[in-house]
Amino acid sequence: MASIFRAFVVTVLLAFTPIAAGQPVLPQSDSKTVPELITSITLQKLAQVFSRISINGEPIHSEITKSGATSVVTLPLWGSNVWAGATPESCLADRSDCKSVFVFANFGKQVTVDANWLNNWNRTKIGVKAYTVSDGQLVVASEIMLLSGVSQDYIVRFVSQFKTAVDSSKLTPTDANTR
């Protein structure tokens, strides 16, 4: 009988405890300091965001270029030896209102990369995938989803983390990189 009474008391106490009492509370911020959230992006806006990226304190020089039928914002994160960039994806027909950003780096043909290497990479790397294209060139890529909004700083940090993940592989660029 005592256990039924204890269960009843606990149930009553829980019923009157505020639901969020045990949840962390985020600090309230001044509306002036809240960054604008990007929920869709264009190629031009992407180039503007990438103008904030620097390596070892030196700003990188990214630009909008055309690669076949696709326009790309170049990301010379590894210098001019690696064809790297980003392009808006999941867009309307006129290439506006894009909901994601595809980030990639082409390291050319890699003699040490085989199916086992690719499987190990894709099993151990979070969010950065590796694959080979039809002519055997190795591409590593990731995608930034903008669904409910991200800040410009988030995109810059995402690209930085992408570079860190790729650098951990010790890949070396080859002369075979083509655009």
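This is a short tour of a predicted model, moving from one buried serine to the salt bridges and then to the nonpolar cores.

**Stop 1: Ser100**

Select Ser100 to begin; strand S7, which covers residues 100–109, contains this serine. Is Ser100 buried or exposed? With a relative accessibility of 0%, Ser100 is buried, because the cut-off for that class is under 20%. Now show the side chains of Ser90 and Glu143 as well. Ser100 makes a side-chain polar contact with Glu143 at 2.7 Å, and another with Ser90 at 3.5 Å. To see the wider surroundings, display residues in contact with Ser100 while skipping those within four places in sequence: among them are Ile41, Thr87, Pro88, Ile144, Met145 and Leu146.

**Stop 2: Asp97 and Lys99**

How many salt bridges does a search of the whole structure find? There are four. For one of them, select Asp97 and Lys99, whose side chains come together with an N to O distance of 3.2 Å. Asp97 is partly exposed at 32% relative accessible area, and Lys99 is also partly exposed, at 28%.

**Stop 3: along helix H4**

Next, colour helix H4, residues 152–167. Select Arg157 and Asp153 here: they form a salt bridge whose closest N and O atoms are 2.7 Å apart. About one helical turn separates Arg157 from Asp153, because they sit four residues apart in H4. Arg157 is exposed, with 58% relative accessible area, whereas Asp153 is partly exposed at 30%.

Then move to Lys163 and Asp167, another salt-bridged pair, with closest N and O atoms 2.6 Å apart. Here too the spacing is four residues in H4, so about one helical turn lies between Asp167 and Lys163. Check the accessibility of each partner: Asp167 is partly exposed at 34%, but Lys163 counts as buried at 17%.

**Stop 4: Arg52**

Keep Asp153 and Arg157 on screen and add Arg52, since these three residues are linked in a network of salt bridges. Where is Arg52 found? Look in the loop that runs between H2 and strand S1 (54–55). Arg52 is partly exposed, with a relative accessible area of 44%. Beyond its neighbours within four places in sequence, Arg52 is in contact with Gln152, Asp153 and Val156. If you like a distance check, pick the C-alpha atoms of Arg52 and Ser62: the two residues are ten apart along the chain, and these atoms are separated by 9.9 Å.

**Stop 5: the nonpolar cores**

Some background helps at this point: in soluble globular proteins, nonpolar side chains tend to be buried together. Select Phe50, Leu75, Trp78, Val140, Ile155 and Val166; within the largest nonpolar core, which has 39 residues, these touch the most other members. At least two residues of this core come from each of helix H2 (43–50), strands S5 (77–80), S6 (83–89), S7 and S9 (137–145), and helices H3 (115–124) and H4. Helix H4 gives the largest share, seven residues.

Now centre the view on Val140. Which residues does Val140 touch, not counting those up to four places away in sequence? They include Val103, Phe104, Phe107, Trp121, Val128, Phe162, Val166 and Leu171. For the last selection, take Val72, Phe104, Val139 and Ala141, which belong to a second, separate core of five residues.

Key. Residues are numbered from 1 along each chain as its sequence is written. This is a predicted model: local features need pLDDT of at least 70, side-chain atom pairs count only at pLDDT 80 or more; totals for chains, interfaces and linings use all residues. Side-chain values use heavy atoms; hydrogens and water are left out. Buried means under 20% relative accessible area, exposed over 50%, partly exposed in between (1.4 Å probe, protein chains only). A polar contact is a pair of N or O atoms within 3.5 Å; within protein, one must be able to donate a hydrogen and the other to accept it, and residues adjacent in sequence count only if both atoms are side-chain atoms. Contact means heavy atoms within 4.5 Å. A nonpolar core is a set of buried Ala, Val, Leu, Ile, Met, Phe, Trp, Tyr and Cys residues joined through side-chain atoms within 4.5 Å.
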